[in-house]
Each structure stands twice: as structure tokens, then as C-alpha cells.
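Me: Please walk me through this one. Keep it short.

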Amino acid sequence: MSPAAPRPLAFWAPHEHPVRTWWPAVWATGLTALAEVAYIFIDARTFPGAWLLPGLRALHVLEALGLLGLLLAHRRHPRRGLGVGVFVAVVLPYLGLFAVAEVAMAEATAASGQVWLPLTGHRLLMVGIGLVAPTGLVLGSALIGAFALEGVLLWYGLGLHTRLVMPWEPWITLVWGAVACGLLAFRVRTQRIEERLNQARTEAESLQQLARLLLVLRDAANTPLQSLELGLSLLQQRVPQEAALLGTLERALVKLRALTQRMGVADPLLDWETQSESFDVDTVLRGLEESLARELERRRQ
């Protein structure tokens, strides 16, 4: 029975590990572009006549679209480094944008007397990093820590602790950062477990394929060995004077028979209850050649 071909992940991302960084980077750049376009109109109405923040958001949109185009251009051969770099590049500008937005809101509310909920963007983005960041634990935690630190600096730097009656700040923002780090750590650990499980599954499939090949070769060798044994028996009757040569041939046949019997060690590796097809040496060998060709092609890429 021919071994099953590996299941493709997607036509644009044929490798599993790069996909773990490619997809989050695509989502981050796409959502950034959409969100920033919406906030351009929101800021234009919130701060009429002030175009600094909308202008910065427009530049962020252009950056996100450019990075998204770069990711799509490499969709068939994604690389982990590219996904991580794009994600970091699209997230870091939020540090400046959030700072400008908080300063603008502080000035606007001081003039109008309105109240707003500060550091909302910091909290949401930290959780977003914890949920979708394609980075490792160290880099992801560093990004979360940078936004948490900026939130604390803005809270005290803008004097919000004296202007707003929010005794839970900036501690609640730090709690959100800790939760985001916990989410990131849990996700990284889950991914590592999945990688180990995939590796174990791959090794098990390789062992089953090897077991199938050994059993096919054993079964295929039985008939020739029986023919050789029958021929040797006839020679022993007809040319007994060649006893030394016949004895050598007989020992060679015994050794071959012992080797084929030892191939039976592969029997426990196969689930015989699910083996509905008989083994065919040509089919198994052809499937093995195809699997080897796919693996060689994967390693060349």
C-alpha cells in the first residue's frame, strides 16, 4: 500500500514553520492599515485643524501596505525572519502614535473639560501582541514591556495622576501587560509542544513506511528462496560429489532465510486491522521514491 503524501498547508505557504510567522504578520499589517484609515477620519473630527496625528497615521498606513505587499510577494516561499521583521516594523510606530495621541487628548480635554479613558490603545495592543505575535518569548515580551513602560511614563509625564481620578492607573495597564506576557508564554509553549508532536508523528510515519518496505521485501523474497531451496535439494540428489559446494550454498540459503525472518521485527509497527490492501513491492517502492523526491525538493528550497 502506497504511503500517504504529506498534507499541504496552503497553496501560498507550503511549509509549516514559516506559516506561523507569515500569517500573523499578514494579519497585523492588514488590520493596522484598516484601523489606521478609520482613525484618520476619527482624529480629523476629534482634532479639527490639527493634521499631525492624521498625517502620522497616513504614513503608518502606507508602511503597513508596503509591508503587506512584501509579505504577499514572498507568500510561496515565506521565511521566519521576514515575518518577525515585518511584525516588529508595523508594531513599533504605535509607540510614537500612541504618545502623540495621548498628548493631543490630554490637551483637548484640558480645554474642554471632557474625560477620556487613557492608555486604551496600549492595553489593546499589548494583548494583541500576546495573541498573534510571531516572535519568540523574549522579543514579544520586550515589545509588550516597551508599551507598558510608555504607558507609565505618559501617565506621570502628562500629569494624568493629578488630573484624572483613576486610582487603578497605571497599575491596571501593567496588569494587562503581565496578562499579555502570560498569553504569549502559553502560546509559545503550545507551539513547541505542537512541534514536538509533529516531529514524533513524522518519525512514526517514517517507521511505518520502513516497516512496510521491510515486510514487502520479506514477502517478495519468499518465492525466490523457495525456488533456490528446491533447486539445491535436487542438486544434492543428483550431484552428491559436490558436497562441499552444495554445503556452502545451503549455508548461504540458511543465512538468507534467517535475514528475511528477522525482517518480521517490523510486524508490530503496522496496524494489521486497518491494512485492507495486500502489499505490492512495486507500489511501495514507487511510493517510497516519491516521498524521497518530495523531501529532497523541500530541502533544496
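Reply: Helices (H or I, at least four residues) and strands (E, at least two) are DSSP runs, numbered from the N terminus. This is a predicted model: local features need pLDDT of at least 70, side-chain atom pairs need 80 or more, and totals for chains, interfaces and linings use all residues. Residues count from 1 along each chain as its sequence is written, and side-chain values use heavy atoms, without hydrogens or water.

Me: Which element gives the largest share of the nonpolar patch?
Reply: A patch joins nonpolar side chains (Val, Leu, Ile, Met, Phe, Trp, Tyr) within 5 Å, each residue having over 30% relative accessible area and no salt bridge. A salt bridge puts a Lys or Arg side-chain nitrogen within 4 Å of an Asp or Glu carboxyl oxygen. Helix H5 (120–132) and helix H8 (171–238) each give two or more residues. The largest share, four residues, comes from H8.

Me: Is Val179 buried or exposed, or in between?
Reply: Val179 lies in helix H8. Buried means under 20% relative accessible area and exposed over 50% (1.4 Å probe, protein chains only). Val179 has 47%, so it counts as partly exposed.

Me: Which helix gives the most to the largest nonpolar core?
Reply: A core joins buried Ala, Val, Leu, Ile, Met, Phe, Trp, Tyr and Cys residues through side-chain atoms within 4.5 Å. This one has 34 residues, and Phe87 is among those touching the most other members. Helix H1 (16–46) and helix H3 (80–91) are among the elements giving two or more residues. With seven residues, the top giver is H3.
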